[in-house]
Amino acid sequence: MSAVTVPPVPEAPVEPRVNYLNATYGLKSWLLTRDHKRIALLYLGTVTVFFFLGGLFAVLIRLELLTPAGDLVQSETYNKLFTMHGVIMVFFFLIPSIPAVLGNFLIPMMIGAKDLAFPRLNLLSWYIYAVGGLFTLWAVVHGGVDTGWTFYTPYSTTYSNSYVIVTAVGIFITGFSSILTGLNFIVTIHTMRAPGLTWFRLPLFVWAHYATSLIFVLGTPVIAVTLLMVGVERLFHLGIFDPKLGGDPILFQHLFWFYSHPAVYIMVLPSMGVISEIVTTFSRKNIFGYKFVAFASLAIAVLGFLVWGHHMFVSGQSVYAGLVFSILSFLVAIPSAVKVFNWTATMYKGSISYRTPMLYAFGFIGLFTIGGLTGLFLASLGLDVHVHDTYFVVAHFHYIMVGGAIMGYMGGIHYWWPKISGRLYPEGWARFAALVIFVGFNLTFFPQFILGYLGMPRRYHAYPEEFQVLNVMSSAGASILGVGYLLPLLYLVWSMRYGKQAPANPWGSTGLEWDTPSPPPTENFAVTPVVTGDPYHYSPEEVEVVG
Amino acid sequence: MADAIAPATPADPGHATEPGVQHQFDTMEQQREASSFGMWVFLVTEILFFGGLFTVYTVYRHQYPRAFAEASRHLDIALGTFNTAVLIVSSLTMALAVWSAAVGRRKAIVVFLLLTMALGGVFLGVKAVEYTHKFHDHLVPGPSFHFPGPNPGNAELFFSLYFTMTGLHAAHMIIGIGILTVLVFKTRKGRYTPEYHNPIEVSGLYWHFVDIVWIFLFPLLYLIGRHIH
């Protein structure tokens with residue numbers, strides 16, 4: 001992991017300036033750092049490892065599904081594969097990805113602060129994350145867990161013979177790293193803003209992270225205590241969800257989704273923040289309807305807590321509860337659509353340049369829209385009964401999580417790469433990779449909509465022969481997608497040593513984080529900046545410094 | 001306020017204008033605001049954390065009111081009341097410790113912190129006695145659980161919740177005592193002044209919070225519904 005996170009030592013004559021990367025040297029200076037930028041890189045390294053590990057399980061799943069017969073792995077093994085894929089991708093990649101990497105790196109710089117409010121807590125959160133990750137890896141190595149990432153009771157509490165407790169403990173621990181990150185962001189945004197930086201001068205990236213942090217703080221404790229209950233039930237033979245004693249497994253589902261539905265917004269809200277920054281910069285336009293976009297983030301966070309029951313339409317929940325949850329779920333579409341429309345309006349008559357981050361932003365807007373619209377299908381009671389637990393659901397949430405969250409993450413990594421590394425990534429390769437990812441993604445997941453609609457259930461390792469063509473398409477797409485994800489890993493690592501030196505503001509962006517050199521000094525700003533205007537003040541005449 | 005880019009490194013906090021101000025803050029005021037706000041946010045997460053358990057308790061209590069009342073009568077109300085009193089007094093001594101810190105009476109801080117810890121210890125001791133009684137009475141959920149009344153299954157549900165909720169509360173008490181231990185050592189080293197004592201203040205917030213959790217647990221588990229037959 002350190003091989004990925006620790007950039008090579010820059011050659012002395014080229015970069016004489018002291019920055020956060022070369023201020024101190026040695027493993028200790030990284031592992032004991034309190035600099036939010038270095039902690040962001042520690043996170044970058046670890047989430048990358050988990051991303052490719054989770055991806056490996058996806059590869060095995062797609063290989064098994066190449067043929068209708070369950071021939072590559074046993075059904076038990078297959079259960080473990082999709083469980084580990086889900087657990088790792090959700091809890092160890094998607095949730096920490098943008099907040100802990102880009103949010104950590106950028107929020108203090110965007111608000112003109114020297115660091116987050118609690119730097120030691122920030123480092124602690126990374127260690128907690130790493131320890132939680134090790135527990136989960138231990139479970140993977142010793143044979144994995146087979147409950148699905150949802151840990152539904154009573155299977156998880158009573159019947160499963162896999163490493164449920166260890167995995168649950170891993171997720172429980174990692175939850176506290178989310179809580180600490182969210183807490184740190186909230187306190188930082190409240191108390192550390194530079195002089196003149198009022199709430200409505202905050203970049204939308206910060207607003208999005210503020211909304212995300214609210215979910216971290218309000219949601220994560222609930223999943224923690226829920227997994228704790230599952231753990232003690234398994235360990236001490238207590239009977240909290242045990243139907244034999246009158247316990248209610250549906251109650252577990254309520255508690256689980258009370259966090260895990262908002263968790264979807266933990267994944268996608270930060271991405272939306274990234275997209276707001278990218279779209280304005282590369283359209284050379286100010287954001288259309290700043291306050292609407294900012295409040296849409298908060299609205300999504302708040303509404304997100306009121307819709308969990310739409311995962312339980314067929315679980316025996318009361319029909320009236322189902323109706324209410326259905327209506328509330330439809331409401332989430334409003335702030336989401338506000339954002340999509342406002343980004344589109346921002347681009348309208350803008351001077352658009354098709355750089356890599358912008359390509360990802362286009363990808364995000366299109367794919368998120370498809371994911372969101374199919375979410376409306378699933379929020380309708382009647383249709384959900386038909387497609388519940390089919391590949392339609394799988395395709396829908398991958399459009400949100402991969403097409404949305406990861407597109408935003410990739411776009412953000414490219415957009416801020418010059419700031420983070422001080423180097424420019426190779427534009428041609430990056431555009432090519434973005435295109436490969438877009439094509440690969442759609443080929444992988446669009447056929448799954450059709451499969452689900454035709455009735456192929458999720459979580460089976462064998463399927464009827466008539467589904468093979470679509471499954472082969474999906475597996476082929478997955479292999480293209482895999483290549484698309486490997487390319488950035490290669491050229492970004494390459495660019496850390498061989499990339500062109502980045503100027504302070506290669507994109508001609510108006511964000512505060514571009515006011516300081518690339519890479520920034522440890523204290524971010526030589527002088528605490530005084531903010532006198534809005535975060536976006538573009539004019540079409542301005543040109544980029546690079547290109 | 002930083003006047004040069006170069007020399008500041010993570011190892012060298014630098015730039016602190018007032019003693020006790022960490023490098024990321026400009027003023028003591030900002031630091032104090034951040035740390036107590038941080039603790040309040042943390043307590044919000046704690047409310048949600050316990051909230052999950054309280055929800056489960058409420059649902060089952062609503063579903064099985066008689067069985068829960070019956071099981072509740074097997075708890076020792078005298079010990080529970082005693083423990084409640086102990087915790088309320090410990091909140092008083094904690095508040096006095098914070099007050100002593102604010103007026104700069106170092107010896108008084110140490111005395112009050114130690115008193116608070118001692119009361120916390122008494123609480124945990126009494127709790128251990130209660131747990132032992134339950135163990136002897138076969139009221140610990142599991143294969144050896146035996147409940148003399150009707151609906152033993154639902155009673156086992158009650159005791160599962162009883163042990164999870166009070167156990168989680170006790171874990172918070174143990175963490176609190178650990179934090180106070182650190183504070184005692186730091187106070188004796190003279191780390192805290194009337195201007196800078198927010199660690200004591202925010203630890204006090206935490207201690208009071210844990211007490212308040214008990215104030216909710218006690219009636220829910222011991223008191224409500226004892227009269228139902």
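This passage describes the fold of chain A and its contact with chain B in a predicted model.

Confidence was examined first. The mean pLDDT of chain A is 93. A value of 70 or more is reached by 96% of the residues of chain A. One stretch falls short. Over residues 1-15 of chain A, the pLDDT is below 50. In the model this stretch has 21 contacts beyond near neighbours in sequence. Where pLDDT is low, the predicted coordinates should not be read in detail.

The overall form of chain A comes next. Chain A contains 16 helices and zero strands. Its radius of gyration is 23 Å, and the globule rule gives 24 Å for 547 residues. The two values are close, so chain A is as compact as a globular protein of that length. Along the principal axes, the C-alpha atoms of chain A fill a box of roughly 70 × 50 × 45 Å. Of the 547 residues of chain A, 59% count as buried. Contacts in chain A with a separation of 6 or more were also sorted by distance along the sequence. Among these, 86% join residues 24 or more positions apart.

Two helices of chain A were then considered in detail. Helix α7 of chain A covers residues 164-191. Its 28 residues, at 1.5 Å a residue, should span 40 Å. The end C-alpha atoms of α7(A) are 40 Å apart, which agrees with that expectation. In α7(A), 24 of the 28 residues are buried, so this helix is largely enclosed by the rest of the structure.

Helix α14 of chain A runs over residues 391-421. This helix has a kink of about 45 degrees at Y415(A). The proline P418(A) follows shortly after the kink. α14(A) is mostly covered, with 30 of its 31 residues buried. Just after α14(A) comes G422(A), which takes a positive phi of about 80 degrees.

The contact between the chains was analysed last. Chain A contributes 45 residues to the contact, and chain B contributes 39. On the side of chain B that touches chain A, α1 (28-63) and α5 (152-188) of chain B each supply at least two residues. α1(B) gives the most to this side, with 16 residues. The residues of the same side of chain B divide into 24 nonpolar, 13 polar and two charged.

Terms used:
Residues numbered from 1 in each chain as written. Chains lettered and ligands numbered in written order. Predicted model: local features only at pLDDT ≥ 70, side-chain atom pairs only at ≥ 80, totals over all residues. Contact = placed C-beta atoms within 7 Å. Helix = DSSP H or I, 4+ residues; strand = E, 2+ residues; numbered from the N terminus. Nonpolar A, V, L, I, M, F, W, Y, C, P; charged D, E, K, R; others polar. Rg over C-alpha atoms; globule rule 2.2 N^0.38 Å. Buried ≥ 20, exposed ≤ 12 C-beta atoms within 10 Å, placed from the backbone. pLDDT = per-residue confidence, 0-100. Bend = angle between axes of the 7 residues up to and from the residue. Expected span 1.5 Å × (residues − 1).
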